[in-house]
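Visitor: I would like to learn how to read a contact between two chains. Could you walk me through it?

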Amino acid sequence: MPGKLKAKIVAGRHLPVMDRASDLTDAFVEVKFGNTTFKTDVYPKSLNPQWNSEWFKFEVDDEDLQDEPLQITVLDHDTYSANDAIGKVYIDIDPLLSSEAATVISGWFPIYDTIHGIRGEINVLVKVELFNDLNRFRQSSCGVKFFCTTSIPRCYRAVMVHGFVEELVVNEDPEYQWIDRIRTPRASNEARQRLISLMSGELQRKIGLKVLEMGGNAVVGYLQCFDLEGESGLVVRAIGTACTLDKLSNTYTPATAINPCNSSPSKDIKEAGFGEEAPGVPLSSGPPTPLRAQTFSSFSPSKSYSRQSSSSDTELSLTPKTARICLSPSSPTLQSKSSPIPTTKALRSTTPPPLHVSQSDTAMLRKSVSFSEDLLLAASGMGSGGSAGKEAGPLKALLRQQTQTALEQREFPFFTLTSFPPGFLLHVGGVVSARSVKLLDRIHNPDEPETRDAWWEEIRQEIKSHAKALGCHAVVGYSESTSICEEVCILSASGTAAILSSRFMQDSALDTEHRFEDLMSPGCAFCHIPYDELNMPFPAQLTYCHCCRRYKVPDVLFTTIDLPTEANVTGKGCLIQARLCRTKKKAQGEGNATAISNLLPFLEYELHTQLMNKLKLRSMNALFGLRIQISVGENMLLGLASATGVYLTALPSPGGIQIAGKTPSDITYEQHISNMQKKINDTIAKNKELYEINPPDLVEEVIGSPIPEPRQRSRLFRSHSESSDEVSELDLSHGKKDAFVLEIDDTDAVEDIHSLLTDAPTPPGFYSCNTEIMPGIYNWTSALQMFTSVRVFRLSNVNLTNQGLNKVFNDLCENLLKSLYFKLRSMVPCCLCHVNFTVAVPEDELIQVAVTAVAMSFDKDQTQENGRQSIDKNLMKAITENEDQLQFPLELSAESSSNPLNSAKGLSEVSGPLPSARVSSLEKASPLPEGRSRSLRSNRSYAGSSVTVVKMTPLSFIPGTKIIKYLGIINMFFIRETTSLREEGGVSGFLHSFIAEVFAMVRAHVAALGGNAVVSYNMKECVFMENPNKNQAQCLINVSGDAVIFVRESELEATPPQPHSASAQTSSSGEGT
Amino acid sequence: MSVELDVFVGNTTIMDKEVYQLWLNGYTVNDAVKVRIEGGVMEECEASAEVLLSDTMDQFRTFQMCERLLQNPAKLANQLLFQIPPDRQAMLIERYYAFDDDVVREVLGKKLSKGTKKDLDDVSAKTGITLKSCRRQFDNFKRVFKVVEELKGPLVENIKQHFLLPDQLARDYAAIVFFANNRFETGKKKLQYLTFQDFAFCAGQLINNWTVGAVDNMVEDMDVDLDKEFLQDLKDLKILITDKDLLDQHKSLVCVALRGKTKVFNEMEANFKNLSRGLVNIAAKLTNTKDVRDFFIDLVEKFIEPCKSDKWTATDVNLYLTHYTNSAHILDTFKHQNVWTRYMGVIKSCILRMYHE
């Protein structure tokens, strides 16, 4: 009996009127976990019921604790007919299972109904007591911390980065079950929400198990997605990077170091449980155990061993309920071999046949198309490999070898991280990506998701081989995605080929640490080519690095990672997007899949050409955070590539763009061309000024280099594909030319030029990027505005050409950006960071574009030269000086001055209104409780508000603040449906309120955990469907992020924070009870 | 080809004050866009009309979604749906409850019923304020009225508490509620020259002096109704005009005091009995609800108009009323000093406010 879950229902407020006659509600609450249900008493005739229930106790397996959400249903009691449901709250209790996260969940949660939206709020208290579990072969993985953040979380230190973890679970989609025909939409939506919540929990638990297996204690860069495959089922899959993290003993104050969680195990049974939990597996940190080391030394190469079939699982009779034990494919099975259970060997024989067999089973496997764009980009060069290796000296070579072996032991040396601890990332090769088109069929047995596993396996293998071709042994900034239309599914994976240091991957890491400091690269090392110069996988032009002049660099560098902090950048960066729309004939089944497969290479090629052109137009030479999304619809394919362009000082300056016509005899035509050329040249000059790109002119010095004509290295760059050679031939023909030439007889080129010139520059005062930080801007203020914007565009019935379609799509994105700039004009000077576009084709003639980003103000009068040194000072100054009207700095700083910890105050606020709320219900005549009204009377500063301000940002940090605690992962899935679309303000009104509701629910959950911000927030899915004729619409949204507590840096210096975490929370919530 | 769906949702709800005002004024989205274009926001921000339309629609929708909360401002601070900074909340509420004096003047003292609401198109036509805005204002009056009608305690404080309004606005609403509750006639032609602020001032006087709460200042009392006991006591003042000696005595005291101090002395002396009768009769009749309604018209007919026709200045009126009030205290046989003070204090300030030169 490893855990006891306790829940208490305190009160409700703002409930809807359920009884028309009395205009009141007789509410009661059902609290359900697993198969156990408790009920509160009915609180008659009130819209602000005070149940103040007893503690409902659930005694459950920790496995269930991880899988199941706590389900709270608020109902209206009806004597004569069935009780009406008001709404539900699902509470993920996972954050309570980790010793370092939250200890109690307490606060007001919006009561959510999938048909009516938010209907009032409910105040709930939840606690968990975990007992000791010595069973090493358990199915739970409590205590493994999860982070959406794709870097090492701010208050942790990476002891070791173990590598890639992945898992997927499948199920039938309740929406497509036969029962859906007879049940209400509400029941169907709730079944779906609950199922996805369960599957997410299961997935997380299984990933956790893999992490424990690898000896880690955390997953960083955790990315969970679901694929709605319609008839064929529901897939929830996740990838992440297993790490061993060490909590930084907060350097700023010894007070916080006395973490009640860790120091006093006796206080809390849960902590005690953790301390001793699974002795073989280091949990919190510490040196890896011998067992694990052993695991690493002997590598078992076959993947199939790492999977065990469900039947064998049952034989093991660990927990009949779980489908399968999932060992990480990247960690060998040695552990299970050496385990005391003898059946393991027997298991081997029953393991399903190796991968290729299951592949052949899946009849619908399609020809897969894949690219190594890396290669392309590389088309413009890189290099070092052999020569670099020689020059690097023996020590470096040795280290590299070490790393190599460490990485080769992993099946997939992939990392979902996008930024790295210093010294970890050595060299970057380029982007690697792979796509494959599959036909979906029904998942017959949800317990055996081998087909989907095999698909991803295939793609990952391809990525790995691409990386190898680039001379790299690892892939960083790795991510996976899908696009589904009817029964066709495009699977995509991309990342950046790289060479990593062994520092965080070997047990001896700590010893080499100091040696590495010497080697620690200046801001150019990561640009040096990792592959062999003489044996390049593609034609490329290399030059000597413009920083150190010792190693070779490519002329252009594309990556999926964030700009390394140490990188030398000239000027500022900017968001660069390539957009493409291609018509496709409607088709069914295989024919459709073939058509898509055939279109894909061209789409990718065009996108890259566009990216390259736009990069040159901005006079930049590198892309970071590249994300290419291909979305498939019935009659079109959409491609959207977003990245942040920068000028890397180490790389050569890009050449211009030259336009050439094919019929030079025509004078007017020539004029047209020269006009265009002039326009382009003007734009380039303007951009140079705008982005402050004034590179030191090093051309003369480079003359001595063996690479000729460094200024003309730019060529039209073409995708290189292993499968399609004709494309690379094209590439070569263009490669002969000196400058970047666009021939405008070519319709494509006309289009290119068109899209080049129609990209409106950002209005003055605005910058944008899709990475975490904007190079060239350092002094952020605290003004912060996260937003989501969605647009759906309907194409009318006219038959559009590719060009027409392209223009429509391009305009849609441009207009959306323009609207954003206009909306946020009061924040100027400001930068839109982490701009994340997602496109979809929800129906035949609809294009949907969704953007989530954060706008951050910065201080105009920044001194760029010493910017980096004075970041902190500037930030603090900015906080005190800049008060944007849209934001809350005034209030926050007022709050903070009275209380060193915002969070502590927030907590007391949350629980504060409880007693007073009771007063109000006793005295019905006055709807406002006494205490509150007094405060209102005396000062109108709304001190009585019980709502904690929760900041949200897609970034991993909040400028000017320090994250002092990670409270756990937020991963929420909601469905909203309406049958009265017009009444709710049409599609826009419907979606507007739904998104606002999702934000509200995220904020409420974070506040209940005791947090005051969500970092690494991401809206992973926004599926919108409408049927205006039936007055109906439905929308699904999936969001994730990390709940945190932050404090302002200015406060940290002024007052040492108190040990707030557990004690403060419990005491404040105690008052409320 | 059209944008079918277009939404923008910020974690902190973005609201433009200018657009909010346009929404409150009852503009349609298209009209609001026109106004904004004329305001020059496009040049400022390099925006196109399309962008402006999208932004306006989006904000109008946000306001519409907020309206439910604005109708119960106390909820706004506690709701979770919109994260709005406190200063913004205050601004939203204050502007939502702000009203046009012209509009309120039209409905002042009328029953806040459906019938009155139906007549709002006339009000809209007359004032040039959109019907939508008139309706919002009317609904605000009605909502505030409904909430505080049955509440105990000081009226202004109750309004401040429940609607989180700033002091001045709360006082104005108190006046509106007070007028609506007592159904004071304000629409007659003779009263047309009076502004809402004139009436609001008078209402403040009445609330502060003539209601039960005014004397006791206890929480149990209601501020919306006049003090019945006091109104009953007012009947006793009749002695001032029915007792001939008292009337003469009163007159001579006032005349002595005013002689040489005013240019209209003769007119005053000639009119004293009429004026005094007028004021005392108003007092004596206030027990009848009907006469309460005619309170202001009576003041105008019985006092202000006669004075006006004799070309009294405001100073004259002030002087007269001061001595008229004070002299009564010197009358030996007049026993109702307290009632007299309470009555005349209000009458004097009301008349002075209503006496436009």
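Here the Guide and the Visitor talk through chain B and its contact with chain A.

Guide: Happy to! Please keep in mind that this is a predicted model.

Visitor: Before the contact itself, what helices and strands does chain B have?

Guide: Chain B has 22 helices and one strand. Its C-alpha atoms fill a box of roughly 90 × 45 × 35 Å along the principal axes. Of the 357 residues in chain B, 55% are buried.

Visitor: How do I read which parts of the sequence of chain B come together?

Guide: Look at the contacts between residues at least 6 apart in sequence: in chain B, 70% of these join residues at least 24 apart.

Visitor: Now to the contact. How many residues does each chain give?

Guide: Chain A gives 72 residues and chain B gives 56. About 5,500 Å² is buried between the two chains, and carbon and sulfur atoms give 59% of that area.

Visitor: And how many polar contacts and salt bridges are there?

Guide: Between chain B and chain A, 24 residue pairs are in polar contact, counting pairs with both residues at pLDDT 80 or more. The count of salt bridges between the chains is five. One of them is easy to look up: the side chains of B:Asp16 and A:Arg825 meet at 2.8 Å, N to O.

Visitor: Which elements of chain B supply the side that touches chain A?

Guide: Those that each supply at least two residues are β1 (2-10), α3 (41-45), α4 (49-70), α5 (73-78), α6 (86-97) and α11 (155-163). The most comes from α4(B), with ten residues. Sorted by class, this side of chain B has 28 nonpolar, 13 polar and 15 charged residues.

Visitor: I see β1(B) in that list. Which strand of chain A does β1(B) join, and how do the two run?

Guide: A strand can be read by its bridge partners. Here β1(B) is joined by eight bridges to strand β25 (residues 780-794) of chain A, and the two run antiparallel. You can trace the pairing with two examples: A:Arg791 has B:Asp6 as its bridge partner, while the partner of A:Arg794 is B:Ser2.

Visitor: What about the side chains along a strand?

Guide: In a regular strand, side chains alternate between the two faces of the sheet.

Visitor: Why is β1(B) described as largely enclosed?

Guide: Seven of the nine residues of β1(B) are buried, so the rest of the structure largely encloses this strand.

How values were computed: Residues are numbered from 1 along each chain as its sequence is written. Chains are lettered from A and ligands numbered from 1 in the order in which they are written. Side-chain values use heavy atoms; hydrogens and water are left out. Contact means heavy atoms within 4.5 Å. Buried area is the accessible area (1.4 Å probe) that two parts lose on being put together, summed over both. A salt bridge is a side-chain nitrogen of Lys or Arg within 4 Å of a carboxyl oxygen of Asp or Glu. A polar contact is a pair of N or O atoms within 3.5 Å; within protein, one must be able to donate a hydrogen and the other to accept it, and residues adjacent in sequence count only if both atoms are side-chain atoms. Helices (H or I, at least four residues) and strands (E, at least two) are DSSP runs, numbered from the N terminus. Ala, Val, Leu, Ile, Met, Phe, Trp, Tyr, Cys and Pro count as nonpolar, Asp, Glu, Lys and Arg as charged, and the others, Gly among them, as polar. Two strands pair if DSSP finds at least two bridges between them. Buried means under 20% relative accessible area, exposed over 50%, partly exposed in between (1.4 Å probe, protein chains only).
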